Amino acid sequence: MNTKIWLSSPHMGGNEQKYINEAFEENWVAPLGPNVNGFENDLEQFLGGNAKVAALSAGTAALHLALIECGIVHGDEVICQSMTFSASANPIAYCGAIPVFVDSEPVTWNMCPKALREAIEDRIQKGTKPKAIIVVHLYGMPAKMDEITAIAQEFQIPVIEDAAEALGSTYKGQACGTFGRFGILSFNGNKIITTSGGGALVCHTQEDKDKTVFLSTQARDNAPHYQHSQIGFNYRMSNIVAGIGRGQMEVLKDRVSARRAMHNFYKDLFSNIEGVTVFSEPGEDFYSNHWLSAVIIDPEIIGKDREGLRFAFLEDNIESRPLWKPMHLQPVFETSPYYGGNVSEKLFDNGLCLPSGSNLSDGDRERIAKVVHAYFGI
């Protein structure tokens with residue numbers, strides 16, 4: 001059996017251990033310390049603008065706190081992109097709120113502005129104005145933020161950007177995660193950089209960052225004893241985990257370059273195969289980190305399908321994966337409202353995510369190419 005080629009495996013830079021050792025030597029193992037502050041500062045510098053970053057235990061925790069800070073409570077409605085991982089939608093349920101799912105558009109695979117407007121207007125007509133909009137930058141591809149934020153501003157609804165997959169991506173030169181009232185980052189083991197587990201909430205004011213830190217550390221009031229006037233959470237990132245993040249930030253730009261190089265590899269690999277489309281930027285305004293490279297296979301054109309290629313990879317111990325199954329098709333959300341057509345459904349039916357790690361070797365690429373050539377008979 002050949003060695004496993006993973007879809008997206010962790011890739012250490014070398015200096016992570018230095019920051020971890022410093023934390024142990026200084027006995028900073030709690031959810032505060034120099035590494036937490038340093039990691040937040042590194043992220044703020046990388047994102048630019050007026051970004052204020054709070055390092056947390058997970059991207060999901062960040063999204064949960066973003067909803068709380070937007071005032072979401074039981075019975076509220078929150079619009080969410082349907083084509084995404086479940087972590088984009090689950091925190092809505094944590095708040096006791098109701099997700100309203102919106103279809104994608106076929107260019108960026110992200111939230112369709114037309115469907116977004118339709119959803120807002122129809123929910124208002126039905127008597128409930130949505131309280132927030134969660135837009136996702138799928139696989140690192142920036143969404144159409146000008147159109148989405150314009151609609152959000154028109155109806156005065158805050159935008160929460162799920163940029164869990166998009167650290168290093170930009171739209172019109174601005175970092176993804178900095179357009180909405182809040183942005184979400186993830187440092188899960190498969191992301192562009194990792195802290196093994198972890199995330200961050202991107203804010204625009206020190207007040208919002210301070211509120212995030214307060215809520216993420218059990219909402220302890222300023223008193224000599226333990227006093228609590230609000231419900232809090234144990235969501236803060238530890239100084240040990242943040243040390244991994246500091247080492248990873250030193251190689252972030254290299255990781256983005258490597259993922260984009262894998263995307264170019266796939267563009268070349270599939271360039272002469274009619275009926276296979278590599279997911280790419282639609283124009284110069286969009287700069288994707290290409291966290292995951294993906295293809296759409298049209299069986300009517302080529303006579304081959306997504307599952308056939310997936311099984312061909314599997315036989316050679318190469319991991320690939322279907323695109324995210326849209327949330328409105330998930331059993332847990334089957335009663336939730338949905339707006340749009342069937343764009344996300346068609347993408348799910350025909351799309352495949354390909355090995356995209358920044359640590360793939362030339363030998364790995366040769367194996368991937370061999371499987372593709374054999375499957376498509378080229």
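**Exercise 1.** Which residue lies over the face of Tyr-226, and at what distance from the ring centre?

*Solution.* The model is a predicted one. Step 1: the residue over the face of Tyr-226 is Arg-220. Step 2: the distance from Arg-220 to the ring centre is 4.0 Å. Step 3: a second arrangement of this kind involves Arg-310, which lies over the face of Phe-311 at 4.7 Å from the ring centre.

**Exercise 2.** Determine whether strand E4 (residues 132-136) is enclosed or open to its surroundings, and find its partners in the sheet.

*Solution.* Step 1: take the two faces of E4 in turn. On one side stand Ala-132, Ile-134 and Val-136, and on the other Ile-133 and Val-135; all of these are buried. Step 2: five of the five residues of E4 are therefore buried, so the strand is largely enclosed by the rest of the structure.

Step 3: look for the partners. Strand E2 (residues 77-81) pairs with E4 in the parallel sense, over three bridges, and Ile-79 stands opposite Ile-133 in E4. Strand E5 (residues 159-162) also pairs with E4 in the parallel sense, over four bridges. Here Ile-133 stands opposite Val-159 in E5. Step 4: trace the connection. E4, helix H6 (residues 145-154) and E5 form a β-α-β unit, and its hand is right.

**Exercise 3.** Give the strand order of the open sheet that contains E4, name its edge strands, and describe the helices H3 and H7 that lie on it.

*Solution.* Step 1: the sheet has eight strands in the order E1-E9-E8-E5-E4-E2-E3-E14, with mixed pairing. Step 2: strand E1 (52-56) and strand E14 (338-339) each pair on one side only and are the edge strands.

Step 3: examine the pairing of E1. Strand E9 (residues 199-203) runs antiparallel to E1, and five bridges join the two. Within this pair, Ala-55 stands opposite Ala-200 in E9. Step 4: add the helices. Helix H3 (residues 59-69) lies across E1, E2, E4, E5, strand E8 (182-186) and E9, and runs at about 165° to E8. Helix H7 (residues 206-216) packs on the sheet and touches E1, E8 and E9; its direction makes about 10° with that of E1.

**Exercise 4.** Classify the ring pair of Phe-270 and Phe-376 and locate its two members in the chain.

*Solution.* Step 1: a pair of aromatic rings is described by the distance of the centres and the angle of the planes. Step 2: for Phe-270 and Phe-376 the centres are 6.3 Å apart and the planes are at 85°. Planes over 60 degrees apart count as edge-to-face, so this pair is edge-to-face.

Step 3: Phe-270 is in the loop between helix H9 (252-269) and strand E10 (276-278), while Phe-376 is in helix H13 (residues 362-376). The two are 106 residues apart, and the pair links distant parts of the chain. Step 4: Phe-270 has a relative accessible area of 3% and is buried. Phe-376, at 11%, is buried as well. Step 5: for context, 14 aromatic pairs are found in the whole structure. Ring pairs also link Phe-85, Trp-109, Tyr-139, Phe-279, Trp-291 and Trp-324 into a cluster.

**Exercise 5.** How many residues of helix H8 (residues 239-249) are buried, and which helices do they pack against?

*Solution.* Step 1: the count is 10 of 11, and H8 is mostly covered. Step 2: the buried residues include Ile-240, Val-241, Ile-244 and Met-249. Step 3: the buried residues of H8 pack against helix H1 (16-25), helix H2 (34-47) and H9.

Terms used. Residues numbered from 1 in each chain as written. Predicted model: local features only at pLDDT ≥ 70, side-chain atom pairs only at ≥ 80, totals over all residues. Heavy atoms only, no water. Buried < 20%, exposed > 50% of the residue type's maximum accessible area, 1.4 Å probe, protein only. Pairing = 2+ DSSP bridges. Right-handed = clockwise from strand over helix to strand, strands pointing away. Contact = heavy atoms within 4.5 Å. Axes fitted to C-alpha atoms, helices over the stretch in contact; angles between N-to-C directions. Phe/Tyr/Trp six-rings, centres within 6.5 Å; stacked < 30°, edge-to-face > 60°. Lys NZ or Arg CZ within 6 Å of the ring centre and 35° of its normal.
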